[in-house]
Amino acid sequence: MESPEQIRDRLLARFPGAEISVVTNPGLAAQHSLLLGAAHARAIAEFLRDDPTLRLDQCSNVTGIDWPEKEIVETTNISTPDPANPAAPPTAVEQKTKRLQPGFLEVVYHLYSITHRHGPVIFRLRTGNRTDQATVPSLTPVWRSCEFQEREVFDLFGVTFVGHPDLRRILMWDEFKDHPMRRDYVEPDDYEWEPTPHGAVLEKTKAHYPTPPAPASVAPVKAAAP
Amino acid sequence: MFKRDPEDCPLSQEVTPPPPSVTETERDELRRQGILLTSLQELYTWGNSHSVWPLNFGLACCAIEMIAASMAKFDIARFGSEVFRPSPRQADLLIVSGTVTKKMAPQVIRLWNQMPEPKYCIAMGACAISGGPFKQGYNVLKGIDRFIPVDIYIPGCPPRPEALLHGLVQLQKKIQGFKLTGPDAPRHLRDDQPCNCPVPEFGEHDLEPPANPAVWTAPPAIVRKD
């Protein structure tokens with residue numbers, strides 16, 4: 001099967017002006033993916049499905065990723081030579097610049113070809129931001145198997161799929177307002193005491209029980225009559 | 001439901017029943033001689049306890065064990081509970097077998113309300129008791145006893161069919177201990193206790209209310225000594 005770079009080059013030749021780049025995966029799996037712009041996503045998806053050498057006729061997985069807003073600190077070393085004494089070593093000044101990387105939501109598609117028995121080809125779509133531009137084009141008209149999974153991403157991440165035939169919540173109830181898989185989701189505050197809390201539950205315990213409760217006196221179990 | 005007119009037939013809570021004129025040992029002696037002495041209460045609870053028909057209703061993996069208990073190898077029919085009713089109108093026992101999600105909880109409570117008295121509830125498995133491994137999640141009810149009164153709790157994940165049979169036998173013992181009159185009479189023979197439980201609404205963040213205070217209070221904190 002073609003590498004993501006080869007697919008990117010072919011797509012760029014076929015769709016001039018489309019935003020396509022390869023996102024490398026530094027991990028052991030090395031499953032590199034394509035990042036597609038929203039404008040050409042639908043046309044590219046149809047091309048990937050119908051191209052005779054690729055024939056990616058099955059979309060096996062649609063999932064979402066939440067990338068919240070994050071502050072990035074960049075450190076640059078600026079060395080300025082002393083104008084009076086050029087022989088002296090230059091004074092090094094460490095300059096830190098902070099910039100805010102805006103948050104966005106990402107939808108990842110895994111494609112396989114049943115005809116050619118190859119895959120996966122992975123591509124991603126990104127939303128403009130996490131609030132009012134959380135939209136990507138729906139690919140349900142291209143692969144029917146995306147329907148429920150795009151509804152799930154809509155339900156849990158709050159990504160609106162433009163062109164989806166039936167975009168409703170699928171797991172949570174319709175009246176629900178939150179998106180539980182987002183990083184900033186706050187769950188209902190109904191913690192119950194646990195004897196051995198750890199991790200995030202331990203934080204909840206400390207918030208609800210600043211002083212640990214006294215051991216409850218447990219009544220001895222009465223032996224059942226024979 | 002059996003409804004008693006309080007004026008026509010006052011609650012017998014004030015009336016102390018006369019001491020039995022025949023003791024247990026005398027009655028057993030007579031039984032050995034072929035003379036059956038019984039009371040209406042004994043007959044009623046005997047019949048009641050040996051024809052507990054469960055509702056044909058499963059929620060998760062515990063339901064598989066419940067089905068196994070109804071099959072030939074474990075054979076719940078030995079205890080008079082072979083008739084799994086497909087309608088709550090004909091069922092006596094609600095076996096909450098599995099994880100109750102918050103989306104499913106109102107439906108479970110509706111089924112409970114549709115069952116005629118006398119009715120019993122078994123919370124089968126860790127999830128139905130407390131939410132189990134999903135207790136700290138956002139979408140699973142932390143125990144069905146938050147909304148409906150539970151008679152028997154069967155721990156396990158999932159419990160073996162033997163455990164379900166043991167729970168059923170315990171329920172039968174509980175039914176056989178019921179008094180027809182007096183302050184210890186079960187719910188369906190009294191006027192001061194409601195038979196139906198309010199169904200919670202789907203809220204914007206959680207079920208509203210998150211628990212029914214008439215049947216549930218927060219459990220005491222159990223602290224492990226180590």
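Select Ile144(B) to begin: leaving aside its neighbours within four places in sequence, this residue is in contact (C-beta atoms, placed from the backbone, within 7 Å) with Val96(B), Val100(B), Val108(B), Ala123(B), Ala128(B) and Val150(B). This is a predicted model, in which local features need pLDDT of at least 70, side-chain atom pairs count only at pLDDT 80 or more, and totals for chains, interfaces and linings use all residues. Residues are numbered from 1 along each chain as its sequence is written, while chains are lettered from A and ligands numbered from 1 in the order in which they are written.

Next, add Val96(B), Ile122(B) and Met124(B), which together with Ile144(B) have the most contacts inside the largest nonpolar core, a set of 41 residues. Such a core joins buried Ala, Val, Leu, Ile, Met, Phe, Trp, Tyr and Cys residues through C-beta atoms within 7 Å, buried meaning that 20 or more other C-beta atoms lie within 10 Å of the residue's own. Colour β2 (120–124) of chain B, a strand (a DSSP run of E, at least two residues), since β2(B) gives the most to this core, with five residues.

Then move to Leu34(A), Leu105(A), Val121(A) and Phe154(A), which are among the 31 residues of a second, separate core.

For the contact between the chains, select 19 residues from chain A and 17 residues from chain B.

Finally, colour chain B by pLDDT (the predictor's confidence in each residue, from 0 to 100): the mean is 86, and 91% of the residues reach 70 or more. Over residues 9–14 of chain B, however, the pLDDT is below 50. Where pLDDT is low, the predicted coordinates should not be read in detail.

How values were computed
Contact = placed C-beta atoms within 7 Å. Buried ≥ 20, exposed ≤ 12 C-beta atoms within 10 Å, placed from the backbone. Helix = DSSP H or I, 4+ residues; strand = E, 2+ residues; numbered from the N terminus.
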